[in-house]
Amino acid sequence: MKSVCFIFNKPPYGQESGKELLDICLMCSAFEMPITVIFQGDGVLQLIENQQPDILNIKNYSKTFKALKLYGVETVLIDAAGLEKHQLVTENILNIGEIANSKIIQNVIQNTDFSIML
Amino acid sequence: MATFSLLITANPYSNQGQYSALKFTKAVLEAGHIIKRIFFYADGVLVANRLNCPPADELNLTKSWAKLAIEKDIELTVCVTAALKRGIVNQAEAERNALTSESIDPAFELSGLGQLTEAMLASDRLVTFG
């Protein structure tokens with residue numbers, strides 16, 4: 001089976017790309033493709049806890065990230081440099097993955113058949 | 001020889017992505033490769049609107065895709081969820097949602113995201129145009 005990695009590199013809500021990418025990710029999981037999810041750069045903002053986009057009439061898809069494991073997504077990597085840039089620590093973000101440096105992330109992308117970023 | 005699929009999310013006319021994707025598709029075919037499927041997602045679905053009416057001295061993207069699809073027998077698949085919320089509907093969806101008419105160009109087909117995944121599994125490369 002071909003493997004795929006999803007790179008979330010944009011903040012949520014200003015544009016819909018986070019939700020759109022997540023929808024592709026869930027569909028690939030239904031096809032049982034091996035999946036890696038990466039939050040990189042500004043994409044780490046997707047993981048901040050207690051988001052309330054509903055007051056802006058935007059759908060809250062943050063909870064779906066917590067369900068990634070249920071969907072069979074085993075590897076979730078969070079870019080250490082992205083966290084540092086936004087002064088986030090593990091207590092501020094959803095506990096869904098492991099912190100990784102850019103070398104590890106680069107290595108994962110190189111060894112995956114498809115990488116998708118929106 | 002390789003098999004390609006395209007994922008197009010670029011808004012037509014306000015963004016270069018669709019023009020680039022069109023040129024890329026032609027180049028891939030000219031080089032003797034295969035295009036498995038072209039999948040339109042997010043704002044990219046807007047190109048499937050048969051009512052798009054650009055000025056005569058600009059490239060009509062909808063017609064350009066349709067012509068290419070018919071000539072080279074390529075599947076142009078449009079994400080149904082992204083399309084419906086942007087007013088791109090076929091006859092069946094128009095009736096289901098009590099709309100006055102369909103708006104999709106007949107060269108394009110509404111379908112689900114599963115078609116993108118299925119195309120990836122059958123392709124060597126997926127190229128995104130956003």
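In the predicted model, a salt bridge links B:Arg86 to A:Glu20, with a distance of 3.9 Å between the closest N and O atoms. One salt bridge is counted between chain B and chain A, and the pair formed by B:Arg86 and A:Glu20 is a salt bridge by the rule that a side-chain nitrogen of Lys or Arg lies within 4 Å of a carboxyl oxygen of Asp or Glu. Side chains of opposite charge can pair when their charged atoms come close. Polar contacts between chain B and chain A amount to three residue pairs, both residues being at pLDDT 80 or more.

On the side of chain B that touches chain A, α5 (114-121) and β5 (125-129) of chain B each contribute at least two residues. The largest contribution to this side comes from α5(B), which supplies six residues. Sorted by class, the side of chain B that touches chain A comprises nine nonpolar, five polar and five charged residues.

The contact as a whole draws 19 residues from chain B and 15 residues from chain A. About 1300 Å² is buried between chain B and chain A, and carbon and sulfur atoms account for 74% of this area. Within chain B, the residues that lose the most area to chain A are B:Tyr41, B:Met120 and B:Leu121, which together provide 39% of what that side buries.

Chain A contains an open sheet of five strands, arranged in the order β4-β3-β2-β1-β5 with parallel pairing. Strands β4 (98-100) and β5 (114-116) of chain A occupy the edges and have a single partner strand each, so one side of each is left without a neighbour in the sheet. From one strand to the next, the twist averages 25 degrees. Three bridges join β3 (residues 75-79) of chain A to β4(A) in the parallel sense. For A:Asp79, the bridge partner in β4(A) is A:Ala100.

Helix α1 (residues 17-30) of chain A packs on this sheet, where it touches β1 (4-8), β2 (35-39) and β5 of chain A. The direction of helix α1 of chain A makes about 165 degrees with that of β1(A). A salt bridge is also found within this helix: the side chains of A:Asp23 and A:Lys19 meet at 3.4 Å, N to O. Both A:Asp23 and A:Lys19 belong to helix α1 of chain A and are four residues apart, about one turn of the helix. Over all chains, the count comes to nine salt bridges.

Chain B likewise has an open sheet of five strands, ordered β4-β3-β2-β1-β5 and paired in parallel. Its edge strands, β4 (108-111) and β5 of chain B, each pair on one side only. The twist in this sheet averages 25 degrees from one strand to the next. Strand β1 (residues 3-8) of chain B pairs with β5(B) in the parallel sense over five bridges. In β5(B), B:Phe129 is the bridge partner of B:Ile8. Strand β5 of chain B is thus described in two settings: it is an edge strand of the sheet, and it supplies at least two residues of the side that touches chain A.

Helix α2 (residues 61-72) of chain B lies across four strands of the chain, namely β1, β2 (34-40), β3 (76-79) and β4. Relative to β3(B), helix α2 of chain B runs at about 130 degrees.

How values were computed:
Residues are numbered from 1 along each chain as its sequence is written. Chains are lettered from A and ligands numbered from 1 in the order in which they are written. This is a predicted model: local features need pLDDT of at least 70, side-chain atom pairs count only at pLDDT 80 or more; totals for chains, interfaces and linings use all residues. Side-chain values use heavy atoms; hydrogens and water are left out. Two strands pair if DSSP finds at least two bridges between them. Axes are lines fitted to C-alpha atoms, for helices over the stretch in contact, and angles run from 0 to 180 degrees between N-to-C directions. Contact means heavy atoms within 4.5 Å. Buried area is the accessible area (1.4 Å probe) that two parts lose on being put together, summed over both. A polar contact is a pair of N or O atoms within 3.5 Å; within protein, one must be able to donate a hydrogen and the other to accept it, and residues adjacent in sequence count only if both atoms are side-chain atoms. Ala, Val, Leu, Ile, Met, Phe, Trp, Tyr, Cys and Pro count as nonpolar, Asp, Glu, Lys and Arg as charged, and the others, Gly among them, as polar.
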